[in-house]
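Subject: Structure for you to look over

Hello,

I am passing on the structure we spoke about. Please open it first and then read the notes beneath it.

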Amino acid sequence: MATREQVGPPSSGPSPAVVRSPQASVRGEGRTAQQPPGGGNEFPLSRWRERGLGGEGGPGDPFDGFFAGPPRPAAAANGLLDIPGAHAWMSLVEWGSHTDLYTFQVPLDGRSGPRVEARGQPMLMLSSYDYLGLIGHPAIEAAAVEAVRTYGTGTGGVRLLTGTNSLHRELEHDLAIFKGTESAITFTSGYTAALAVISALFGPRDRVILDARSHRSVIDACKLAGVPFRRFRHNDPESLEAELRRELPARRTLVIVEGVYSMDGDICPLPEIVEVKRRHGAYLMVDEAHSFGVLGRTGRGIDEHWGVEPTEVDIWMGSLSKAIPANGGFLAGRRELMIYLQHGAAPYMFSAALCPAAAGAARAALQVIAAEPERLARMRRNALRLREGLRRLGFDTGASATPIVPVVQGANEAAFRLARDLFSLGIIATAVIPPAVPRHAARLRLCATAAHTPADIAEALAAFRAVRAPAAVGGSVTAALNGCSSPPLPLAGEGAGG
Ligand SMILES: Cc1ncc(COP(=O)(O)O)c(C=O)c1O
């Protein structure tokens with residue numbers, strides 16, 4: 001049972017009693033680097049709370065004041081929530097609300113971009129996967145508006161029936177050309193695209209072998225398909241080979257990798273993976289959520305990065321919500337595969353078509369990526385500056401080689417504290433905890449974008465220098481999440497998020 005009394009308090013309380021104005025704090029005025037942030041008095045935490053940071057019922061409080069009133073049993077009072085996952089998450093959220101360490105769901109007061117406004121304060125955004133800085137691009141916004149004017153705000157149907165418009169076909173044509181495949185089809189999200197393709201093609205008599213850091217969408221897809229799945233060691237073709245050698249009465253084997261891993265920012269060794277899958281007659285699916293528009297000379301993805309022919313991959317899957325500043329997902333590959341999926345993939349048949357604004361924006365974004373190659377160069381320069389700067393400061397950025405730069409902390413509480421301390425310095429750098437990352441590998445997940453200026457990156461590094469401290473070995477949050485006798489549901493879902 002998760003009552004307020006039972007929520008494990010952190011071993012040390014939240015350090016700052018006040019929050020400084022972002023600019024002053026980042027400049028380090030008024031305190032030494034050893035002091036925790038929050039030594040000034042421009043912006044008292046109580047006022048921050050009024051705006052909902054601590055779940056106190058302010059306009060930005062995602063819980064509408066649930067944790068602000070007198071203690072009430074959060075999970076057990078409601079039979080629906082009397083499950084390990086709900087106990088764990090409710091404990092975590094309650095603990096975070098009371099310690100001001102709940103740093104998720106901060107509402108932005110406008111567009112995302114390198115500079116945003118949150119709770120009325122200007123902030124530097126360091127965790128958006130708008131890699132090419134295309135959110136707010138005038139041509140893309142104009143295309144979205146034009147799509148709404150021409151096609152309306154909704155499609156009024158599923159693709160097979162009345163939901164298809166000419167913009168869908170044009171976008172799919174452009175995606176196929178961009179990806180170098182015969183054909184492509186779109187979905188309302190990348191997550192849905194993963195569910196669609198795996199459940200349409202594989203079942204209990206087949207098997208899936210996926211990278212240990214695979215995204216939750218492909219794991220859920222395997223569960224939906226009822227296809228048995230096993231993991232191979234992250235980015236390790238030898239481990240994949242060992243899995244493929246296992247004698248299993250599987251009809252067909254699908255190997256799944258990602259172009260760029262969303263929580264680590266490292267790159268898939270695609271040539272070796274292709275070699276291994278060929279040797280074993282397996283099929284290969286690549287999730288390009290974070291490599292499409294990001295890797296390769298022209299941003300075409302992991303195949304362009306390595307010089308691998310797109311036809312070496314049987315199923316390409318991607319998202320239209322990362323480098324492409326819209327919503328939606330796609331599958332790309334051979335024409336006959338796409339024709340079958342139009343009829344055999346449930347989300348294509350039983351869920352409404354991609355809305356016109358997203359389709360229009362995505363189409364325009366592909367044109368902008370081709371027309372403005374300097375964005376890729378800027379993104380890469382910024383990523384290098386950020387990554388190298390953090391490494392010089394002693395932060396653990398793992399194997400990052402892309403704009404995704406993790407700052408590994410270990411304990412969940414340490415990651416939340418770092419996110420909160422940076423937030424108080426005017427930086428949005430989101431914490432990610434299990435199940436999005438492996439246990440005891442909580443981190444901040446930073447993204448450098450083409451829209452950041454050198455001054456933005458310098459400001460970010462100054463903030464990290466200011467908060468630099470040995471990683472807290474807190475553990476109370478970890479305990480809140482892991483302390484149930486059976487594993488809490490969210491942790492049972494292994495697989496990266498975001
Ligand atoms: C690696 C990976 N695959 C798939 C997805 C799902 O994409 P979408 O957000 O379009 O549903 C994500 C989302 O963050 C992701 O990080």
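The notes below cover the ligand site, a pair of helices and a single leucine.

Please keep in mind that this is a predicted model.

Ligand site. The ligand is surrounded by 14 residues. Closest to the ligand are Ser 189, Gly 190, Tyr 191, Ala 289 and Ser 319. Sorted by class, this shell consists of 10 polar, two nonpolar and two charged residues.

Helix pair. Two of the residues just named, Gly 190 and Tyr 191, also appear in the contact between H7 and H8. Helix H7 spans residues 190-201 and helix H8 spans residues 216-225. Their axes lie 8 Å apart, at an angle of about 35 degrees, and the crossing is right-handed. On the H7 side, the contact is made by Gly 190, Tyr 191, Ala 194, Leu 195, Ile 198 and Ser 199. H8 contributes Ser 217, Val 218, Asp 220, Ala 221, Cys 222, Leu 224 and Ala 225. By class, that contact has nine nonpolar, three polar and one charged residues.

Leu 422. This residue sits in helix H16, which covers residues 412-424. Is Leu 422 buried or exposed? Leu 422 has 31 other C-beta atoms within 10 Å, and the cut-off for buried is 20 or more, so Leu 422 counts as buried. Leaving out residues up to four places away in sequence, Leu 422 touches Ile 427, Ala 429, Ala 463 and Val 467. Of these, Ala 463 is 41 residues from Leu 422 in sequence, yet their C-alpha atoms are 6.7 Å apart.

Regards

How values were computed. Residues numbered from 1 in each chain as written. Predicted model: local features only at pLDDT ≥ 70, side-chain atom pairs only at ≥ 80, totals over all residues. Helix = DSSP H or I, 4+ residues; strand = E, 2+ residues; numbered from the N terminus. Buried ≥ 20, exposed ≤ 12 C-beta atoms within 10 Å, placed from the backbone. Contact = placed C-beta atoms within 7 Å. Near = placed C-beta within 6 Å. Nonpolar A, V, L, I, M, F, W, Y, C, P; charged D, E, K, R; others polar. Axes fitted to C-alpha atoms, helices over the stretch in contact; angles between N-to-C directions. Left-handed = near helix turned anticlockwise from the far one by under 90°.
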